[in-house]
Amino acid sequence: MPTSAPIIRCVQKLELYETRARYFLVGCNHAETKYRVLKIDRTEPKDLVIIDDKHVYNQLEARELLGRLDLGNRTKIGQKGSSGLSKAVTACGIVGFVRFLEGYYIVLITKQRKVADIGGHSIYKIEDTNMIYIPNDSVRITHPDEARYVRIFQNVDLSSNFYFSYSYDLSHSLQYNLSILKTPCDLKSEEILTQNRQDSFDIFEDEGLPTQVVFGIGSEPYAKYVWNEQLWGKVKDTVHPDWIMYIIHGFCGQSKLLIYGRPVYVTLIARRSSKFAGTRFLKRGANCKGDVANEVETEQIIYDASVMSFTSGSYSSYVQVRGSVPLYWSQDISTMMPKPPIRLDQADPYAHVAALHFDQMMQRFGSPIIILNLVKKREKRKHEKILSEELYPAVTYLNQFLPPQYQIDYIAWDMAKYTKSKLYNVLDRLSWIAENVVKRTGFFVNRPDFYCSTLRPDERWGDLGGFVTDHGRIQTGVLRTNCVDCLDRTNTAQFMVGKCALAYQLYALGLIDKPKLQFDTDCVRLFEELYEDHGDTLSLQYGGSQLVHRVKTYRKIAPWTQHSKDIMQTLSRYYSNAFSDADRQDAINLFLQVFQPFENKPHLWELPTDTYLHNKNTMHYSYFRRSYTYWWTPAVLPYLPLPYDEVLCTENRKKLAIKRFNKYDESIDIYTEFFRPYELSCFDESFCLSMTNSAREFMPKTVGIDPSPFTVRKPEETGKSVLGNKSNKEEAVLQRKTAASAPPPPTEEAVSSSSEDDSGTDKEEEGTGSQRSTPVKLSDTTDTTKVQEDLPQLHVKEVYGLNPAEHPSEDDLLIYQRFVVLGQNQHKVERRNQIMDAKHAEAMISLDYISDFSDDSIYAVQPPAVSRKSTEIFENHIQAGKSLIQSLCKKDVFIYREYIKNRYM
């Protein structure tokens, strides 16, 4: 059966040309072999008129088209001197189209930066955008409030943590993206064979040569994690899918783990939900559709970067979710209090909103759904406990209608209480929870178990859950972690679960011998740094500041200067919540088109609350009411524990777009898309060299250290500073002495509670993920010089353990003579005038002859025999240089045909 591959969008470079009446948007791929053209009308003051002929041009045709447009739009007076078609802007993607009170705007991505690579599929971060007004000034109808709406819309900084890809669906998990590639495709399907003449034309069709078919598969994005879906709503069905590019918001970071030179990429992708999105105190709980505030899906992807292909490589992923407690609750921010009181806004005796939320989760992740509730249980005055007292009865009510094997698991653990106690270790308890969670849900891996796992079985591997297939394993179910804010405690808990899953993933890929990772290793430090950046980014988006409590805080190894930083982060979070969150919430509502301005209706800044915007049931009565007992979607339950979205049923196949391509077509050729052989590349600028590297950033620089990233190291052995920036040298020296005073414990449990390691980095608390790729300066030259001056003048023997002035012993001379004979025997040269000493002749070493040449020495070389086939190839090469070319074989004709077809057809 023909293979499948993801479809690569051919619109990757854009140029916007303008005339007085039209905008012409010309898009092409990186190779500049396929062009598409959009025509946008500028004479309509408030309507958006876009014409897409859906025709693919080559480079020559595109230039001729632009030339004719230029010539046709010149005025008679300026026929010779002026141009009728001018280039307005160059871009690399379209975010969408938006309208407020006047005409439409087009939002273009003008600058991008590569941040990750998954199997050759590049992921880019938006660096800069341009918002262009479409109607001409001559037809523009001005409105006094238009400028204010534009400012509010631009408060959503698209250059801050928005990501996209031309060939990889970021709204879905790796498990979903690889599972649809295994979709069986029928060659006789009418929807596949429905193509125009240009796509199916073949100049060699009369020769009877076979055509190698590859099915390109594209899928609909998951709407919850797409942030610009509403900006494409009006023109989505008008333009070709190559123009449409979906963006996600959250976090994306990637680091390289070198295991004795073998590159393993560790990728962390966080997808923030666009449903019920907002800021900390303004978005709590859930809305009427079951969408919760601060809902983020975090996926960690591990794969062997030495093999790039999705079909041949080894890939693994694990997904977990965070989100606010799925109830109707909020906090009153009218009073200036650090912790406003929690209130339940609406009674929900039948857990209707929780049922909608968990129904969505079962449809996307399968079963079991595991809830890890980290809110406080015991308080002098009820605050967080209110949420636990409502969530547990809701889960109990919903479970009584589910089959026992698919019921929701509820784990309540007061993490704050354990942190304050000196008798318990927080991370030990989290490790135990993580081990049980990963064993129940399993993880995704696209290859069967290695034979070495059968030879050296691990007792924990046999108890692993999930769904085992012939091709590997599938994660079934998910862990849902929450506290009140879903920031500090949640990030630490997710790190511990991710660390446990990382060990199983590395074991499944055959990279470690046991599914267990210890703290203070290069691998865990690299992973912890990714999660620190992940937590800081998500905390800034929702809470307005970076993390206050980090992994080192719960390990109780954070330096004392960290406490002052925690206080500053707390003050920054309080200031952001009190003064800037309202403006940010208005910008998010306008960007996501939750609020759409109209004439003669209240403006966005005039609304007292946005509750009615996010809860549509408050505006109209719904005649459809879900069952209180059968609260799940009927089609989901029969396929459990598998996620319904990944099942190959009729409903899901309708979401796939399948098209037949030639094997060498650029729309499915990920090799050409990734390596770009038509461009001049510079190794210093390549992403794989600039990304964070475990060997460069974390491995010690001293000689004789075990280079394995799974070796436990002391703080003074790390290649990256673990102390952070200090104000003076004495403080740094004191910290080093304090950290080095305790020896490393042998077990992970002891490691997690010790204080001998400051696993922080210099840039964690004050830099972004992109700054982590900068090599770290190890020491100061002035300090090194001073230390060298203070050293006493030692004798050579005391330093090196020998004195060169002494005469070598007889044993040393014998060793040296053996070394000389090694060099002589290597070339098989016998000197007749050399007389060997009889005393040492028996001790000489004779080497086996290993050279491919019959006579190989510094005096003569006998060339090897050349086969007849190699001689013919060389003779044909010489004749080709003399224009004496032989007739091509059938295979050569086929390769030439594919080249001509892909280049010019």
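**Exercise 1. Find the helix that carries Leu571, then describe the surface around this residue.**

Solution. Start with the secondary structure: leucine 571 belongs to helix α15, which spans residues 561-591. Keep in mind as you work that this is a predicted model. Next, check the accessibility. Leucine 571 has a relative accessible area of 51%, and the cut-off for exposed is over 50%, so leucine 571 counts as exposed. Finally, look at its partners on the surface. Together with Ile567 and Met568, Leu571 makes up a nonpolar patch. The accessible area of these residues together is about 320 Å².

**Exercise 2. Work out where arginine 271 sits, and whether it is buried or exposed.**

Solution. First locate the residue: arginine 271 is part of strand β13, residues 262-272. Then turn to accessibility. The relative accessibility of arginine 271 is 0%, and buried means under 20%, so arginine 271 is classed as buried.

**Exercise 3. Now list contacts made by the side chain of arginine 271, and place them in a network.**

Solution. Take the contacts one at a time.

- Backbone partner: a polar atom of the arginine 271 side chain lies 2.5 Å from the backbone oxygen of leucine 170.
- Glutamate 297: its side chain and that of arginine 271 are joined by a polar contact of 2.7 Å.
- Glutamate 299: its side chain forms a salt bridge with that of arginine 271, at 2.5 Å from N to O. This pair links distant parts of the chain, with glutamate 299 in strand β14 (residues 296-304) and arginine 271 in strand β13, 28 residues apart. Both glutamate 299 and arginine 271 are buried.

To finish, put the pieces together: a network of salt bridges links Arg271, Glu297, Glu299 and Arg364.

**Exercise 4. How many salt bridges are counted, and what are the accessibilities of the partners in the pairs Glu127 with Lys125 and Lys382 with Glu389?**

Solution. Begin with the count, which is 35 salt bridges. Then take the pairs in turn.

For the pair of glutamate 127 and lysine 125, the side chains meet at 3.2 Å, N to O. Glutamate 127 is partly exposed, at 25% relative accessible area, whereas lysine 125 is buried, at 11%.

For lysine 382 and glutamate 389, the closest N and O atoms are 3.1 Å apart. Lysine 382 is partly exposed, with 48% relative accessible area. Glutamate 389 is likewise partly exposed, at 36%.

**Exercise 5. Describe the setting of arginine 378 and the charge around it.**

Solution. Look along the chain: arginine 378 lies in the loop that runs between β18 (369-373) and α7 (385-399). Now check how open it is. Its relative accessibility is 68%, which means that arginine 378 counts as exposed. Then consider the surroundings: Arg378 gathers with Lys377, Lys417 and Arg429 in a surface patch of positive charge.

**Exercise 6. Compare the separation of alanine 5 and isoleucine 217 in sequence with their separation in space.**

Solution. Place alanine 5 first: this residue is in strand β1, residues 4-6. With a relative accessible area of 12%, alanine 5 is buried. Then read off both separations. Along the sequence, alanine 5 and isoleucine 217 are 212 residues apart. In space, the C-alpha atoms of alanine 5 and isoleucine 217 are 6.2 Å apart.

Methods:
Residues numbered from 1 in each chain as written. Predicted model: local features only at pLDDT ≥ 70, side-chain atom pairs only at ≥ 80, totals over all residues. Heavy atoms only, no water. Patch = residues over 30% accessible without salt bridge, like charges linked within 9 Å, V, L, I, M, F, W, Y side chains within 5 Å. Areas by Shrake-Rupley, 256 points an atom, 1.4 Å probe, with all protein chains shown as cover. Salt bridge = Lys/Arg side-chain N within 4 Å of Asp/Glu carboxyl O. Lys, Arg positive; Asp, Glu negative; His and termini not counted. Charge placed at Lys NZ, Arg CZ, Asp CG, Glu CD. Helix = DSSP H or I, 4+ residues; strand = E, 2+ residues; numbered from the N terminus. Buried < 20%, exposed > 50% of the residue type's maximum accessible area, 1.4 Å probe, protein only. Polar contact = N/O pair within 3.5 Å; in protein donor to acceptor, adjacent residues only side chain to side chain.
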